[in-house]
Amino acid sequence: MPPGGGGGGPMKDCEYSQISTHSSSPMESPHKKKRTAARRKWEVFPGRNKFFCNGRIMMARQTGVFYLTLVLILVTSGLFFAFDCPYLAVNITPAIPAVGGVLFFFVMGTLLRTSFSDPGVLPRATPDEAADLERQIDIANGTSSGGYRPPPRTKEVIINGQTVKLKYCFTCKIFRPPRASHCSLCDNCVERFDHHCPWVGNCVGKRNYRFFYMFILSLSFLTVFIFAFVITHVIIRSQQTGFLNALKDSPASVLEAVVCFFSVWSIVGLSGFHTYLISSNQTTNEDIKGSWSNKRGKDNYNPYSYGNIFTNCCVALCGPISPSLIDRRGYIQPDTPQPAAPSNGITMYGATQSQSDMAAATPLLQSEPSLTSDELHLSGGKPSLGTPCASLTLGQPTPPSSMPNLASEAALADILPLKEEHSGHQFLTPDEAPSPRPLTHSRTMHVLGLASQDALHEDSVRGLVKLSSV
């Protein structure tokens, strides 16, 4: 047909399809691995924490008191802005609601920042890291790995001339850094651990201490601010309509005054205590234990203090925030796939997954198995239990149970030449060699050497002599 001919020709409808050599390859495994969705580290985090927003929010497991804190702040502030601020803005100044709003949003921002962030959790040691640490401890202590040795409790380091002990954490399998401690509620080692605060629903440590301090300090100002202007509101109303009428006109003010009165003492006291800790560069944990108290000795002092109140405050409140060490939103490495059993039912000992799949995919391309002397475990010249399985050719049918000696004879035929090659011509004795039988079903039988044929001939003659004597 000439080119560019009629449209009804058969060549116009002829199409060529691409041949996939990859899929038609006989060496490709028919078993394809299933893809599993990548998991993030927060999903398998070992500590007792709760995560929200795909790991962006991290909190302690006990968060009931935290919700109580939210309710108290929201309800008290809401009543103040709804019932007191309109009257105060008209009769005194409109700056009162503005200042109260700024304090409220600052309190809520620092509270959520403290509650939802990583306080400085230290990652636990992996099994390899824990084993390496144990080896280092064995070498340092000069103990053998076979004997029983309880893990050491402490190490000593020098910080600014002061000896500091590092305690071993049996849960995290690490020596905790200086100023770190293990929180029993969150089950984590926290760097520069201060305390576990149920009111914020999280531990307070290196990464969120400044936000915790700003929260309690601003909350103190907000509590005092609300309490002061609620009393002012009641006094102005009582001057106009009387005290009882003022309470009836604004019952919310009474509730606000009661809540603020009973909470202001603890909040202001806590703010003052942490102001002292920041000025001396201490933590609550160190102050309670008296780690740097003069009662422990004249030479005992705080090695972390800069000797200046202003410098200590600047370091605690204005220093850089260290990054999180646990990488809770990172992806974990997928597990190594387990070897799958071949589809033909033959168990292949010592074979990898790729070898097993290759054998299942190409049964006609198998060659005879090449066995070495290391792979054959002989006891007195006899094949071991694993030898018949290893001597079977892949893709070859398993011998039937009616011929039990075929597998052992085929294995013997494979063993004898290899033993001559690798053992320096150490031949089997006539007592060790079994009586031969004609093999008609095995394709893997090798040609016997001359010495092995003589040994089999002597064994057959000895068997005939025994039969004649009987």
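Let's start at R61. R61 sits in the loop between β2 and α1 (64-91). Keep in mind that this is a predicted model. R61 is partly exposed, at a relative accessible area of 44%. Now look at what R61 touches. Setting aside residues within four places in sequence, R61 contacts G47, R48, N49 and K50. Take K50 from that list. R61 and K50 are 11 residues apart along the chain, and their C-alpha atoms are 5.6 Å apart.

Stay in this region for one backbone point. N54 is in the loop between β1 (49-52) and β2 (57-60). N54 is not a glycine, and still its phi is positive, about 60°. How accessible is N54? The value is 32%, so N54 counts as partly exposed.

There is another residue to put beside that one. D187 is not a glycine, and its phi is also positive, near 60°. D187 lies in the loop between β6 (181-183) and β7 (188-190). Is D187 buried or exposed? D187 has a relative accessible area of 15%, so it is buried. The cut-off for buried is under 20%.

Now the whole chain, quickly. We have 12 helices and 11 strands. The chain has 470 residues, and 36% of them are buried. The accessible surface is about 29000 Å². Carbon and sulfur atoms own 61% of that surface. On contacts, count those with a separation of 6 or more. Of these, 63% join residues 24 or more positions apart.

Next, aromatics. A pair of rings is described by the distance between the centres and the angle between the planes. How many aromatic pairs are there? The count is 15. F225 and F229 make one of them, with centres 4.7 Å apart and planes at 55°, which is tilted. Why is that pair called tilted and not edge-to-face? Edge-to-face needs over 60 degrees, stacked needs under 30, and 55° falls in the rest, so F225 and F229 are tilted. How are these two placed along the chain? They are four residues apart in helix α4 (residues 209-241), so about one helical turn separates them. F225 is buried, at 13% relative accessibility.

A further pair is F261 and W265. This one is edge-to-face, at 6.0 Å centre to centre and 90° between the planes. The spacing is four residues again, here in helix α6 (residues 251-280), so about one helical turn lies between F261 and W265. Their accessibility is worth a look. F261 is partly exposed at 38%. W265 is exposed at 60%.

Back to F225 and F229 for a moment. Ring pairs join these two with F80, F81, F104 and F105 into a cluster.

F261 and W265 also come up at the surface. Together with V254, V258 and F262, they make a nonpolar surface patch of about 550 Å². F262 is in helix α6 as well. F262 has a relative accessible area of 62%, so F262 is exposed.

Now charges over rings. Which ring does the charged end of R179 sit over? The ring of Y304, at 4.2 Å from its centre. Another case is R237. R237 lies over the face of Y87, 4.6 Å from the ring centre.

R179 and Y304 lead us to E286. E286 is in helix α7 (residues 284-289). At 7% relative accessibility, E286 is buried. Which residues does E286 touch, leaving out those up to four places away in sequence? They are R179, S291, W292 and Y304. Note the link. E286 touches R179 and Y304, and R179 has its charged end over the ring of Y304.

Last stop, T110. T110 is in helix α2 (residues 95-115). T110 is buried, at 6% relative accessibility. Beyond its neighbours within four places in sequence, T110 contacts F211, M214, F215 and S218.

To recap. R61 contacts K50 across 11 residues of chain. N54 and D187 each have a positive phi. F225 and F229 belong to a ring cluster. F261, F262 and W265 are among the residues of the nonpolar patch. And E286 touches both R179 and Y304.

Key
Residues numbered from 1 in each chain as written. Predicted model: local features only at pLDDT ≥ 70, side-chain atom pairs only at ≥ 80, totals over all residues. Heavy atoms only, no water. Phe/Tyr/Trp six-rings, centres within 6.5 Å; stacked < 30°, edge-to-face > 60°. Helix = DSSP H or I, 4+ residues; strand = E, 2+ residues; numbered from the N terminus. Buried < 20%, exposed > 50% of the residue type's maximum accessible area, 1.4 Å probe, protein only. Lys NZ or Arg CZ within 6 Å of the ring centre and 35° of its normal. Contact = heavy atoms within 4.5 Å. Areas by Shrake-Rupley, 256 points an atom, 1.4 Å probe, with all protein chains shown as cover. Patch = residues over 30% accessible without salt bridge, like charges linked within 9 Å, V, L, I, M, F, W, Y side chains within 5 Å. Salt bridge = Lys/Arg side-chain N within 4 Å of Asp/Glu carboxyl O.
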